[in-house]
Amino acid sequence: MVERELVARLRRGDAGAFDGIYAWMRPRLWSFLARMTGRRDVADDLAQEVWLRLARNAHKLADDTRLPAWLFTVARNLYVSQWRSAQAARALAGDLLPAEALAASPFEAAAESQTAARVERAIAGLPPSYREIVLLCTVEGLAPRDAAAVLG
Amino acid sequence: MTGPVDPRDPLDALVRAALPAHDQPDPQIAATREAWRAELRHHHRARSWRYRLEAGAMMTAAAAQLVWVVGSLFGG
């Protein structure tokens, strides 16, 4: 019921509702994008685009929209587009670019313990298709139906 | 409000506990907030009747000017 009310307020363009959902979901979305892209700067850009899209499309949200699933879907789609663009650029550049380094977590160096560093490294080492499942279900705790909706 | 946590899966809880929350620096958080607020203001303005009337009037004036220019070129 709380989420339905939030969606209704977003549809009306209630700035307070936007502030609320920004505070609630921003860290989660950014962490997801940072761990998927492996880069804080790319995650910053993609995360900002997620919020811009919410601002542009909030008036079209369905009454029963599940906001975390909606936001993670947009975030994931932006990540996939960015990844494809990066792959295409690498293919065009051919031998001009150095070989792609192993996936690294943007958080591994800042981890406060060896356990945290190992978990970050393990997640970063997963193939993207597995990594996003772990991040959505295990780390973010999305319900299975929401995660399925995000992943299509 | 926090995301749902499945209390039945201890492994999920262990992974979450092992991953401290990392976040953006405050300036970036503020910059993104200002960006979507500006987008929201622009979007509300663009959907207002007054804005639509103004935009329609401007486009009509531009079309009329184009017709006049073309007419001047070919009409002698």
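Here are some questions and answers about a predicted model of two chains, A and B.

Q: How do you know how confident the predictor is in chain B?
A: Look at pLDDT, which runs from 0 to 100. Chain B averages 81, and 88% of its residues score at least 70. Within chain B, the mean is lowest in α1(B), at 78, and highest in α2(B), at 89. The model as a whole scores ipTM 0.78 and pTM 0.78.

Q: What makes up the secondary structure of chain A?
A: Chain A has seven helices and zero strands. Read from the N terminus, its elements run α-α-α-α-α-α-α. Chain B has three helices, again with zero strands.

Q: Why is Arg26(A) called partly exposed?
A: Count the other C-beta atoms within 10 Å of its own: there are 19. A residue needs 20 or more to be buried and 12 or fewer to be exposed, so a count in between is called partly exposed. That is where the 19 of Arg26(A) falls, so partly exposed is the right name for Arg26(A). You will find Arg26(A) in helix α2 of chain A, which covers residues 15-37.

Q: How do you know that α2(A) has a kink, and where is it?
A: The bend compares an axis fitted to the seven residues ending at a position with an axis fitted to the seven starting there. At Met25(A) the kink is about 45°, and the proline Pro27(A) comes shortly after. Once α2(A) ends, Gly38(A) follows, with a positive phi near 75°.

Q: What makes the length of α3(A) fit the expected span of a helix?
A: The expected span is 1.5 Å times one less than the number of residues. For the 18 residues of α3(A), that gives 26 Å. From first C-alpha to last, α3(A) reaches 26 Å, so the helix is close to its expected span.

Q: Which residues of α3(A) are buried, and what covers them?
A: Among them are Ala43(A), Asp44(A), Leu46(A), Ala47(A) and Val50(A). Their cover includes α2 and α4 of chain A together with α2 of chain B.

Q: What makes a set of residues a nonpolar core, and which residues have the most contacts inside the largest one?
A: The members must be buried residues of certain nonpolar kinds, joined through C-beta atoms within 7 Å. The largest such core here has 39 residues, and those with the most contacts inside it are Leu29(A), Leu33(A), Val50(A), Leu71(A) and Ala75(A). α2(A) gives the most to this core, with nine residues. Leu29(A) touches Val50(A), Leu71(A) and Ala75(A), and also Ala47(A) and Phe72(A), leaving aside residues up to four places away in sequence. As background, nonpolar side chains tend to be buried together in soluble globular proteins.

Q: How do you know that chains A and B touch?
A: Two residues are in contact if their C-beta atoms lie within 7 Å. By that rule, 25 residues of chain B are in contact with 32 residues of chain A, so the chains do touch. On the side of chain B that touches chain A, α2(B) gives the most, with ten residues. The residues of that side divide into twelve nonpolar, seven polar and six charged.

Q: How much of each chain counts as buried?
A: In chain A, buried residues make up 36% of the 152 residues. In chain B, 7% of the 76 residues count as buried.

Technical notes. Residues numbered from 1 in each chain as written. Chains lettered and ligands numbered in written order. Predicted model: local features only at pLDDT ≥ 70, side-chain atom pairs only at ≥ 80, totals over all residues. Helix = DSSP H or I, 4+ residues; strand = E, 2+ residues; numbered from the N terminus. Nonpolar A, V, L, I, M, F, W, Y, C, P; charged D, E, K, R; others polar.
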